[in-house]
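Please look through the structure below together with its sequence, and then read the report that follows, which takes the parts of the fold in turn.

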Amino acid sequence: LSPKPEIMSINTDPQPLYLDINPNGEVTSIDSLCMECYAQGKTNLMMTTIPFFKEIIISSFACDSCGFKNSEIQSGGKIEPRGVRYSLTLDNIQEFNRELIKSEYATISIAELGFEIPSTTQKGSFNTIEGVLLKTADSLDADQPFRHQQNPEAATKIDEFIASLRRVLKGEVFPLTFVMDDPSGNSFIQNPNAPNPDLKMKIENYVRDVTQLKAMGFNLSEEDIDQVNKEQQMENAKAQALKNTDSKKVAQEQIDLAKQMEEMAISAKNITAQGVDFNQPLDENQDDLKQEAMQFDTPCPNCMAPGKNIMCLTSVPHFKELIIMNFNCEVCGMRETEVKTGGAISAKGKKIAFRIEKPEDLNRDMFKPETAVVYIPEL
């Protein structure tokens, strides 16, 4: 009799290849050759998923013989259809704690410092903004004794640059613009407010040019180069058209808003809302104004969800009518308050010079429209 065939069980619920990031994630170890001493080392691999980003492969090599260590981050997915450029405004030291993923094709720069890390100088890495700046300063500082012997003039300039980086890390230089440009689209800067928008960071996706594609290892034919150049021209034309359209739209919106406010100011002499006379000074109608205001639905500029815009027209004693507008979005939490003049533009401009002589002078109320400039010559 032939043996009874063995029934094999099939796993209908396979484990995912990329796991959510956690300190107890599964790690794969592989024996590898150390490129420093050529002894046997060990490479640890972990495939994980970064929230609001994508799958990545974290690799770490260590050699017990010579102590050499190395780590690298690689994208676990395909190259994105477009490149990405992150522009982050650094205005306080807490922003240095943001985590970032830099691919091997990404360039990091801070224009205010004349600082740039080319894509060819570093491999893919997972770090914080502080870690990137600190690693740069330490790497430059390590070779300074040799530079002082070979080229003292260049070494002195590098000393000055290292000192400026140290001041930045101490929080003494703000604001700064941190830019990470990655033509592969596989880099990432953390948004601490996710999934809500990050008001300090601008993310742009763009069409890669021929130089960027060649730097990423693409072998382009003449037809490919022509196609890329055409796509680049089309993208530039679309961007210019959109810019012109936005400028015309903003200008028209400003004109329409000015007309509406002027009409409201002209008719305000006869307007009452449930017994509230908007011609009377603020203090005479204070209780009623707190109870009555005009409301209308407005889409939120952040998340485009319906929000409430509350508007009140009032008169400031010895000045003129003001329109107080307050916007609130219950979805993303955005709040914005704006005050505009409700009357016609005055026949002449006005310059007010106020001398501050005692602390109490700083408590004075003031109204500054969008056309006014405030300055202190002594500062």
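## The three-stranded sheet

In this predicted model, leucine 100 stands opposite asparagine 127 in E10, and the two belong to a pairing in which four bridges join strand E7 (residues 99-102) to E10, with the strands running antiparallel. The sheet that contains them is open and has three strands in the order E10-E7-E12, again with antiparallel pairing. Its edge strands are E10 (125-128) and E12 (188-189), each of which pairs on one side only.

Helix H1 packs on this sheet, where it touches E7 and E10, and the direction of H1 makes about 100° with that of E10.

## The five-stranded sheet

Another open sheet is formed by five strands in the order E9-E8-E11-E6-E13, and its pairing is antiparallel. Strand E9 (115-117) and strand E13 (201-206) stand at the edges with a single partner strand each, so one side of each is left without a neighbour in the sheet. On average, and with direction ignored, neighbouring strands here are turned by 15° against each other.

Within this sheet, strand E8 (residues 107-110) is joined to E9 by three bridges, and the two run antiparallel; isoleucine 108 stands opposite isoleucine 117 in E9. Helix H1 (residues 129-142) packs on this sheet too, touching strand E6 (83-90), E8, E9 and strand E11 (176-182), and its direction makes about 95° with that of E9.

## Helix H3 and its surroundings

How far apart should the ends of helix H3 (residues 152-169) be, given its 18 residues? At 1.5 Å a residue the helix should span 26 Å, and its end C-alpha atoms are indeed 26 Å apart, which agrees with the expectation.

The buried residues of H3 are Ala155, Phe161, Ile162, Ser164, Leu165, Val168 and Leu169. These buried residues pack against E9, H1, helix H2 (144-150) and E11, so that H3 meets the edge strand E9 as well as other helices. Following H3 comes glycine 171, whose phi is positive, near 80°.

## A hairpin of E2 and E3

Strand E2 (residues 28-33) and strand E3 (residues 40-49) pair in the antiparallel sense over six bridges, and in one of these pairings the partner of serine 32 is glycine 41 in E3. The two strands form a hairpin with six residues between them, and in the turn tyrosine 38 has a positive phi of about 65°.

## Cysteines

How many disulfides does the structure hold? The structure holds zero. Cysteine 66 is in no disulfide, and the nearest cysteine sulfur, which belongs to cysteine 37, is 3.6 Å away, whereas a disulfide would call for sulfur atoms within 2.5 Å.

Is cysteine 66 buried or partly exposed? With a relative accessibility of 39%, cysteine 66 counts as partly exposed, because the partly exposed class lies between the limits of 20% and 50%. Cysteine 329, by contrast, is buried, with a relative accessible area of 1%.

## The protein as a whole

The secondary structure of the protein comes to six helices and 19 strands, and of its 379 residues 28% count as buried. Among the contacts with a separation of 6 or more, residues 24 or more positions apart account for 55%. The protein exposes about 26500 Å², of which carbon and sulfur atoms supply 52%.

Conventions
Residues are numbered from 1 along each chain as its sequence is written. This is a predicted model: local features need pLDDT of at least 70, side-chain atom pairs count only at pLDDT 80 or more; totals for chains, interfaces and linings use all residues. Side-chain values use heavy atoms; hydrogens and water are left out. Two strands pair if DSSP finds at least two bridges between them. Axes are lines fitted to C-alpha atoms, for helices over the stretch in contact, and angles run from 0 to 180 degrees between N-to-C directions. Contact means heavy atoms within 4.5 Å. The expected span of a helix is 1.5 Å times one less than its number of residues. Buried means under 20% relative accessible area, exposed over 50%, partly exposed in between (1.4 Å probe, protein chains only). Accessible areas come from the Shrake-Rupley method with a 1.4 Å probe; for residues, only the protein chains shown count as cover.
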